[in-house]
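Me: Please choose one strand of this model and take a close look at it, residue by residue where possible. Then place it beside a few other parts of the chain.

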Amino acid sequence: MLVSCCCLQAPGFADRTGEFGLSVSSNAACWIDIDRDGWTDLCAGGAVWKNDQGNGFSRIANVGSVVAADFDNDGYPDLFSWSSMQLFHNEQGKSFAEVPLPELPPTVSLGACWGDFDNDGFVDLCIGGYESSDPEVFCPTMILMNRNGKGFELVFSQKSLRTRGVTACDFDGDGDLDIYLSNYRLRPNSLWTNDGQGRFQDLGPEQNAVATSPGFAGGHSIGAAWGDFDNDGRIDLFAGNFAHVDRRGDQPKSRFLRNSGLAGKQVFEDRGTCGVFYQESYASPAAADFDNDGDLDLYFTTVYGTASFNKENFPVLFCNDGEFTFTDATALAGLARLPATYQAAWSDFDHDGDLDLVTAGRLYENRSQPGNWIGILLEGDGKTVNRSAIGAQVRIRLGDRTLTRQVEAGTGQGNQNDLAIHFGLGEWDSPLDLEILWPGGKTQKHVNIVPGQRIKLGLGE
């Protein structure tokens, strides 16, 4: 039996920022275990903050706004700063050394994601190109392929997409990572479908994934979040849109795109807003099961505190009540009236079995008493599967539901959730069976896993 969102109890989320010694701005955030001590550290406000076993944080480096993955498979996650277009090698959790990148065209980026797009065992980079104040700078969106952990090669560059958020997911289950680009200025979003060799074709229109509405080619998309929102074993998509009201009517609203799972062609079903009520300046979404009831919920930030017509806008925590029905749980969770921000990332940083949130320059500890859970950290072998296991998926069957989560290195606009996969289980307390789909298509099963713990699983174990 899975319990519903209404089980959330006070005090919900508590602001621990000052108590933990953090001082971060409200730009994007990335959770990553820098020193491999088992405690997820925080990259935010341009700095790396070491997690002192859930009791506080200390600043150890300055790196800009980053996404993280182990690009050379040495066991330590490295950092790519999309804000400064720099790559930093992790020197065993003690310091960071800049790694030269190939000469790149001028660009302004607001986000990037890691993923092994050609399945050679090494993670590659997709960098979103937005726009510049200089009309001569076209800010291309780029793909950099990893050459055996020794360096990167620019293999693709496309101008004029106005990309803000970059996310990746093997949405069609064929063993390779596809890329979703959230494009601004009323341009249609792009769904780059992978042929397995790191070559992409934009099939957004054919697969109904452009996230628009009649009369518009596209929306003002800022960020998107992948997630199995209906627990049918297939990963769906939430596309977030900033939506003005203009002379043609309401611009395209944010929407849920359900993965239909049709054989041979995963056409998305546009389910509309599903309870995500209208605010003009929605920004960056992040999906997580914050109440451990087994359903993926959604936190959604805003660009402005006051939008058009003097209308106040605030970030919202939407609770998933099942069947693509979402309700506002912000006040109940103690997150009401937060300031505008692009920052939204989830992690169980204190190992207490529920997911905590960094947003608006603050760290909010989840202090509710929700249902059971299991935490899973995957690790590739560094040969056939990248060490960070980016792109791997885990499925757990609970009764008539199949809960699916993925390891991802990039969500929303420039943010990154913890690489550790978290499942809420509601009242389920019996041993679990789970299946892992590794990048490349290999599957692996584990049986009789006891809930209420964090476990580490490797390829072939």
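Reply: The account below begins with strand 16 and its partners, then turns to Thr193, Gln279, another sheet and the enclosed and open spaces.

This is a predicted model, in which local features need pLDDT of at least 70 and side-chain atom pairs count only at pLDDT 80 or more, while totals for chains, interfaces and linings use all residues. Residues are numbered from 1 along each chain as its sequence is written, and side-chain values use heavy atoms, with hydrogens and water left out.

Strand 16 covers residues 190-194 (strands are DSSP runs of E, at least two residues, and helices are runs of H or I, at least four, numbered from the N terminus). Five of the five residues in strand 16 are buried, where buried means under 20% relative accessible area, exposed over 50% and partly exposed in between, with a 1.4 Å probe and protein chains only. In a regular strand, side chains alternate between the two faces of the sheet. Here neither face of strand 16 is left uncovered: Ser190, Trp192 and Asn194 are buried on one side, and Leu191 and Thr193 on the other.

Strand 16 has an antiparallel partner in strand 15 (residues 178-183), with three bridges between them; two strands pair if DSSP finds at least two bridges between them. One of the facing positions is Trp192, the bridge partner of Ile179. Six residues separate strand 15 from strand 16 in a hairpin, and Arg185 in that turn has a positive phi of about 60 degrees.

Strand 16 also pairs with strand 17 (residues 200-202), again antiparallel and over three bridges. Asn194 of strand 16 stands opposite Phe200 in strand 17. This pair of strands forms a hairpin too, with five residues between the strands. Gly196 takes a positive phi there, near 95 degrees.

Within strand 16, Thr193 can be followed further. Thr193 counts as buried because its relative accessible area is 13%. Leaving aside residues up to four places away in sequence, Thr193 touches Phe171, Asp172, Asp178, Arg199, Phe200, Gln201, Leu203 and Gln207, contact meaning heavy atoms within 4.5 Å. With Gln207 there is also a polar contact, side chain to side chain, at 3.4 Å. Such a contact is a pair of N or O atoms within 3.5 Å; within protein, one must be able to donate a hydrogen and the other to accept it, and residues adjacent in sequence count only if both atoms are side-chain atoms. Asp321 is 128 residues from Thr193 in sequence, and the two C-alpha atoms are 31 Å apart.

Gln279 offers a second buried position, this one in a loop, between strand 23 (268-272) and strand 24 (282-288). Its relative accessibility is 8%, so Gln279 counts as buried. Apart from residues up to four places away in sequence, Gln279 touches Thr302, Glu312, Asn313, Phe314 and Val316. The side chain of Gln279 has a polar contact with the side chain of Tyr282 at 3.4 Å, and one of its polar atoms lies 2.8 Å from the backbone oxygen of Phe314. Tyr304 is 25 residues from Gln279 along the chain, with 10.0 Å between their C-alpha atoms.

Elsewhere, four strands in the order 10-11-12-13 make an open sheet with antiparallel pairing. Strand 10 (112-115) and strand 13 (152-158) are the edge strands, each pairing on one side only. Strand 11 (residues 124-127) and strand 12 (residues 141-146) are joined by three bridges, and Cys126 has Ile143 of strand 12 as its bridge partner.

The spaces come last. On a 1 Å grid over the protein atoms alone, a cavity is a set of points where a 1.4 Å probe fits but cannot get out, and a pocket is an open set with protein on both sides within 12 Å along at least five of seven lines; lining residues have an atom within 4 Å of a point.

The structure holds three cavities of 30 Å³ or more, and the volume of the largest is about 350 Å³ (points are joined across faces, edges and corners, and a volume is the space filled by probe spheres set on them). Its lining has 24 residues, with Ala287, Arg405, Gln406, Ala420 and His422 nearest the centre. Strand 33 supplies the largest share of this lining, three residues.

The largest pocket holds about 420 Å³. Among its 22 lining residues, Asp33, Arg36, Leu377, Glu379 and Lys456 lie nearest the centre. Strand 31 (372-379) and strand 37 (454-458) each give at least two residues to that lining, and strand 31 gives the most, five.
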